[in-house]
Amino acid sequence: MSDQELAAALAERERVRNTAYAEQLAIVAEMNSRGATINGDVCHPTVWVRHVLRMDRNPARELVDHAQALHSSRTPTGSEIEATLPATAQALRAGALSPAHVRAIRAVTSKIPFRVDEDDKASTEQILVDAA
């Protein structure tokens, strides 16, 4: 295999890993919208992820936080809550972003004041996605 072929193979594996992460977040978001249960007992989504994936609290919390930011959800009364990072979600599904990119974009956008209008927030997110 040539150096170029090795580089292309590595880049493809990274794209696959990123799209798999996007799929994992979609599953967590769906579970969260249904209400997490373990053996019939309702629990916090992070507890559910820890139980299912046998992972530590911090990575489980991050998985839930990313799922909540990248996917819309419903309140118990049925109202829809839009995803806060839809452009990030789209780029992750395409394999163009990694979990580290999601973490960085979320860290920056979470500091945007509430008074900033939604179009400006969306523009900021898109700039960050493009830069990643």
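## A walk through a helical protein

Let's start at one residue, C43: leaving aside residues up to four places away in sequence, C43 touches A36, T37, I38 and W48. Keep in mind that this is a predicted model. You will find C43 in the loop between β2 (41-42) and α2. Is C43 buried or exposed? With a relative accessible area of 18%, C43 is buried, because buried means under 20%. For a sense of distance, compare C43 with L85: they are 42 residues apart in sequence, and their C-alpha atoms are 25 Å apart in space.

### The whole protein

Now step back. The protein has six helices and four strands, and along the sequence they follow the pattern α-β-β-α-α-β-β-α-α-α. Measured out along the principal axes, the C-alpha atoms fill a box of roughly 55 × 40 × 25 Å. Of the 132 residues, 31% count as buried. The protein exposes about 8,700 Å², and carbon and sulfur atoms supply 53% of that area. If you take the contacts between residues at least 6 apart in sequence, 48% of them join residues at least 24 apart.

### The nonpolar core

How many residues does the largest nonpolar core have? There are 26, and the members that touch the most others are L25, V28, W48, V49, L70 and L92. Several helices feed this core: α1 (3-34), α2 (45-53), α3 (57-70), α4 (86-93) and α5 (99-109) each supply at least two residues. W48 deserves a second look. Beyond residues up to four places away in sequence, W48 touches M31, A36, T37, I38 and C43, so that our starting residue turns up again in the list for W48.

### Two helices with a buried side

Helices α2 and α5 can be read in a similar way. The buried residues of α2 are P45, T46, W48 and V49. They sit on the same side of α2, because they cover an arc of only 160° around the axis. In α5, the buried residues include P99, V102, I105 and T109. These lie on the same side of α5, because their arc around the axis is only 125°. A general point helps here: an α-helix has 3.6 residues a turn, so residues three or four places apart point the same way.

What covers these buried residues? The table puts both helices together.

| Helix | Buried residues | Arc | Cover includes |
|---|---|---|---|
| α2 | P45, T46, W48, V49 | 160° | α1, β1 (37-38), α3 |
| α5 | P99, V102, I105, T109 | 125° | α1, α3, α4, α6 (118-131) |

Just past the end of α2, have a look at R54: this residue follows the helix and has a positive phi, near 55°.

### A threonine in α1

Our last stop is T19, which has its place in helix α1. Is T19 buried or exposed? T19 counts as buried, because its relative accessibility is 14%. Which backbone atom lies 2.9 Å from a polar atom of the T19 side chain? That atom is the backbone oxygen of V16. T19 also has contacts further along the chain: not counting residues up to four places away in sequence, T19 touches L92, R93, A94 and G95. One of these, L92, is also among the core residues that touch the most other members.

Note on methods
Residues are numbered from 1 along each chain as its sequence is written. This is a predicted model: local features need pLDDT of at least 70, side-chain atom pairs count only at pLDDT 80 or more; totals for chains, interfaces and linings use all residues. Side-chain values use heavy atoms; hydrogens and water are left out. A nonpolar core is a set of buried Ala, Val, Leu, Ile, Met, Phe, Trp, Tyr and Cys residues joined through side-chain atoms within 4.5 Å. Buried means under 20% relative accessible area, exposed over 50%, partly exposed in between (1.4 Å probe, protein chains only). Contact means heavy atoms within 4.5 Å. A polar contact is a pair of N or O atoms within 3.5 Å; within protein, one must be able to donate a hydrogen and the other to accept it, and residues adjacent in sequence count only if both atoms are side-chain atoms. The arc is that of the directions from the helix axis to the C-beta atoms. Accessible areas come from the Shrake-Rupley method with a 1.4 Å probe; for residues, only the protein chains shown count as cover.
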